[in-house]
Amino acid sequence: MSQPPLAGVAAAPHSHFEDAQGLLVGSLFVALAVLMFQHAQLLTGGTTGLAFLLHYALTWPLGWLLFVVNLPFYVFAWLTLGPVFTLKTFAAVALLALWVQWLPLWLGFERLHPVLAAVLAGLLAGTGILMLLRHHASLGGLGILAVYLQKRLGWRAGVVQMGFDALLLLVAFTLLPPKQVLLSLLGALALNMVIAVNHRAGRYMGV
C-alpha cells in the first residue's frame, strides 16, 4: 500500500544536473513521439498540434514551427509562473526543435502501423512531458496555461490539456481525413492519460 508524504517533510529540490538530464531526456522522448506522429501523418494536441497543422498545410520545417508557435506564450509564463519556469520551458522547447530536426538524420521508421504509432507516441510523449513537469518546465503554449490553472485553481494539468486537445482535433476535422483525426485522438488520449494519472498535487516530493 502506498504511503502519503510525511507531514512537515520538505521536498528536496532537484540539482542543476538533475534538471539538465530531465530537460534533455524529456524533450528527447517527446521528439521521438513527434517523429512517430509525423511518419503516420497524425497530429497531437496543444501548440505542437498547431505546428503539425501548419507543417502539413505549408510544408514548413516542423522543428522550427514547434519553436516559433510557442514564442507568444513566454511572456504569460514569465508573469504568472516566474522566470525559472519560463527559462526551463524555453530550453525544453528549443531542445525539442533541435531533436526533431536532427533525429531524422540518424533514425527512420521502415514499418510503423498507424494505430501503434498513435498509442506508442502518445504514451511516450506523455512520459516526456511528465518528466518536464516534474522538473518545473513544460513544452510551452497551452501546457503553460494548464500548469498555471493547476497551480492557481487546482485543476489537473492533464485534464485541462485534454480539453484543449479536443478543441484542436475538432478543428482538424476540417483539414484532415477523419481517419487521421480519430487516430490522432487516440494518441491524445494516451498522452493525457499518462499526465492525468501521474501528475497530481501531493503525489511527488521532488520540485
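Helices are DSSP runs of H or I with at least four residues, and they are numbered from the N terminus. The structure treated in these exercises is a predicted model.

**Exercise 1.** Determine in which helix methionine 36 is placed, and decide whether methionine 36 is buried or exposed.

*Solution.* Begin with the position along the chain: methionine 36 belongs to helix H1. Next, take its relative accessible area, which is 9%. Because buried means under 20% relative accessible area, methionine 36 counts as buried. Finally, look at its surroundings: once neighbours within four places in sequence are left aside, methionine 36 is in contact with Phe109, Leu112, Ala117, Leu120, Ala121 and Leu124.

**Exercise 2.** Work out whether threonine 89 is buried or exposed, and find which backbone oxygen its side chain reaches.

*Solution.* First locate threonine 89, which is found in helix H5, residues 83-102. Its relative accessible area is 0%, so threonine 89 is buried. Then follow the side chain of threonine 89, which reaches the backbone oxygen of phenylalanine 85 at 2.9 Å. Apart from neighbours within four places in sequence, the residues in contact with threonine 89 are Tyr74, Ala137, Ser138, Leu139, Gly140 and Ile144.

**Exercise 3.** Describe the largest cavity by its volume, and by the residues of its lining.

*Solution.* Start with the volume, which is about 270 Å³ for the largest cavity. Then turn to the lining, where 22 residues take part, and Thr48, Ile129, Leu139, Gly143 and Gln161 lie nearest the centre. Among the elements that give two or more residues to this lining are helix H1 (16-39) and helix H6 (114-134). As a last step, sort the lining by residue type, which gives twelve nonpolar, nine polar and one charged.

Notes: Residues numbered from 1 in each chain as written. Predicted model: local features only at pLDDT ≥ 70, side-chain atom pairs only at ≥ 80, totals over all residues. Heavy atoms only, no water. 1 Å grid on protein atoms, 1.4 Å probe; cavity = no way out; pocket = protein on both sides within 12 Å on 5 of 7 lines; lining within 4 Å. Points joined across faces, edges and corners; volume = space filled by probe spheres on them. Nonpolar A, V, L, I, M, F, W, Y, C, P; charged D, E, K, R; others polar. Buried < 20%, exposed > 50% of the residue type's maximum accessible area, 1.4 Å probe, protein only. Contact = heavy atoms within 4.5 Å. Polar contact = N/O pair within 3.5 Å; in protein donor to acceptor, adjacent residues only side chain to side chain.
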